[in-house]
Amino acid sequence: MSSCLFCKIINGEIPAKIIYRDDDLIVIEDINPVAPVHFLLIPCKHIENSLDIAEEDAALMGRILRVAAKIAKEKNIAEDGFRIVTNTNEAAGQSVFHIHFHLLGGRDLQWPPG
Ligand code: AMP
Ligand code: ZN
């Protein structure tokens with residue numbers, strides 16, 4: 001989608017700190033981190049949010065979780081604990097309408113979230 005921020009990052013039109021990419025997804029550093037470790041896992045396919053995940057996207061969603069776990073291990077937050085979050089629509093704080101998964105760690109995370 002031409003006007004979408006994350007599509008532009010995926011296409012290389014807007015720079016980002018990319019820590020992983022393959023044919024299906026990209027992982028970048030969040031520009032405004034809220035934890036010592038804060039990455040965004042973003043599928044290359046433009047899906048607005050969790051409400052729009054199709055049956056054909058099931059394997060892609062599974063891959064994203066597996067890559068998140070691999071990165072959590074590599075960044076040494078796996079043993080202490082980490083969180084994977086996808087905000088959906090305004091009340092949850094979604095600000096970019098291209099589905100993405102926050103990978104958060106490196107500090108104690110409160111529950112319930114605010
Ligand atoms: P959400 O509010 O759940 O939609 O998450 C969007 C996230 O994208 C926020 O945590 C922002 O800090 C982050 N963000 C916005 N613009 C950029 C950018 N250009 N590069 C990296 N992260 C960004
Ligand atoms: Zn997009």
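1. Contact here means heavy atoms within 4.5 Å. The model under discussion is predicted. By that criterion, and leaving aside residues up to four places away in sequence, D57 touches K45, I47 and D52.

2. The position of D57 deserves a remark of its own. D57 belongs to the loop between β3 and α2. Its relative accessible area is 3%, so D57 is buried. The side chain of D57 is also joined to that of K45 by a polar contact of 2.6 Å. K45 therefore appears twice in the description of D57, as a residue in contact and as the partner in a polar contact.

3. The zinc ion (ligand 2) has as its protein donors the SG atoms of C4 and C7 and the ND1 atoms of H46 and H98. These donors lie 2.0 to 2.3 Å from the zinc ion. The arrangement is tetrahedral because the four donor atoms subtend angles of 105 to 117° around the zinc ion.

4. In sequence, the donor residues of the zinc ion (ligand 2) follow the spacing C-x2-C-x38-H-x51-H. Within this set, C4 and H46 link distant parts of the chain, being 42 residues apart. C4 sits in the segment before α1 (5-11), whereas H46 sits in the loop between β3 (37-43) and α2 (58-74).

5. Are these two donors buried or exposed? C4 has a relative accessibility of 7% and therefore counts as buried, the limit being under 20%. H46, with a relative accessible area of 25%, is partly exposed.

6. On the cysteines, the count of disulfides comes to zero. C44 is in no disulfide, and the nearest cysteine sulfur, which belongs to C7, is 8.9 Å away. A pair of sulfur atoms would have to lie within 2.5 Å to be counted, so the distance from C44 to C7 does not qualify. C44 counts as partly exposed because its relative accessibility is 24%. C7, for its part, is among the protein donors of the zinc ion through its SG atom.

7. Ligand 1 has 16 residues around it, of which D30, N87, G93, S95 and H102 come nearest. Three of these can be described in terms of polar atoms. A polar side-chain atom of N87 is 2.9 Å from an oxygen atom of ligand 1. For G93, a backbone N or O atom lies 2.8 Å from an oxygen atom of the ligand. For S95, a polar backbone atom is 2.7 Å from an oxygen atom of ligand 1.

Technical notes: Residues numbered from 1 in each chain as written. Chains lettered and ligands numbered in written order. Predicted model: local features only at pLDDT ≥ 70, side-chain atom pairs only at ≥ 80, totals over all residues. Heavy atoms only, no water. Donors = N, O, S within 2.8 Å, 3.2 Å for Na, K, Ca; no water. Tetrahedral: all angles 85-135°; square planar, octahedral: opposite > 155°, others 65-115°. Helix = DSSP H or I, 4+ residues; strand = E, 2+ residues; numbered from the N terminus. Buried < 20%, exposed > 50% of the residue type's maximum accessible area, 1.4 Å probe, protein only. Polar contact = N/O pair within 3.5 Å; in protein donor to acceptor, adjacent residues only side chain to side chain. Near = heavy atom within 4 Å.
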